[in-house]
Every structure is written in structure tokens, then in C-alpha cells.
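New notebook page, new chain. I'll jot down what I look up as I go.

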Amino acid sequence: MTTAGTVVAVGLTIAAAGFVGGYALQAMKHMGPQVKQVVQSLPKSAFSGGYYRGGQSEQGSLSLKESPI
């Protein structure tokens, strides 16, 4: 491929990326209210995070050959 051909290929790639990016932004504008509604409908416990607060299970203690406490 010649230098001119490379420049044309790069230009077309940049144009295609711009077109796809613009389309994605338009789609996100229309989906915004729907995403907000879905996030609000999720239970609060889904975002509480943290670590598992349960104790060591009996099965886990048997596999580690420790006494369950």
C-alpha cells in the first residue's frame, strides 16, 4: 500500500469511528431515563457491598480439618 493509500485508509477509519461515536451518543441520550429507572428499581442491598459477614461453614472447616467455632 502506498503512502497515499495509507492516508486514505486512516482518514476513513477516523471518519467511521466518529460516525459510530455519534450514533452511540445519540443512543445513550435515549436510554438515559430507562437506565435511571432500572437503577432505582434495584434493591438497596445490591449496592451495600462489603464482605461476607457469615462465619466459617462446617463444610469449610471439615475440608480444612479444623474444628468449627
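Before any area goes down, a note to self: accessible areas come from the Shrake-Rupley method with a 1.4 Å probe, and for residues only the protein chains shown count as cover. With that, I get about 6,500 Å² exposed by the protein chain, 67% of it from carbon and sulfur atoms.

This is a predicted model, where local features need pLDDT of at least 70, side-chain atom pairs count only at pLDDT 80 or more, and totals for chains, interfaces and linings use all residues. Residues are numbered from 1 along each chain as its sequence is written, and side-chain values use heavy atoms, leaving out hydrogens and water.

Next I looked at burial (buried is under 20% relative accessible area, exposed over 50%, partly exposed in between, with a 1.4 Å probe and protein chains only). Of the 69 residues in the protein chain, buried ones make up 1%.

Then I counted two helices and zero strands (DSSP runs numbered from the N terminus: helices are H or I, at least four residues; strands are E, at least two). Helix α1 covers residues 3-41. I found zero of its 39 residues buried, so α1 lies largely in the open.

Where does α1 kink? I found the kink at Met-31, about 45 degrees, shortly before the proline Pro-33 (the bend is the angle between axes fitted to the seven residues ending at a residue and the seven starting there).

Last, Val-39 sits in α1 and counts as partly exposed because its relative accessibility is 43%.
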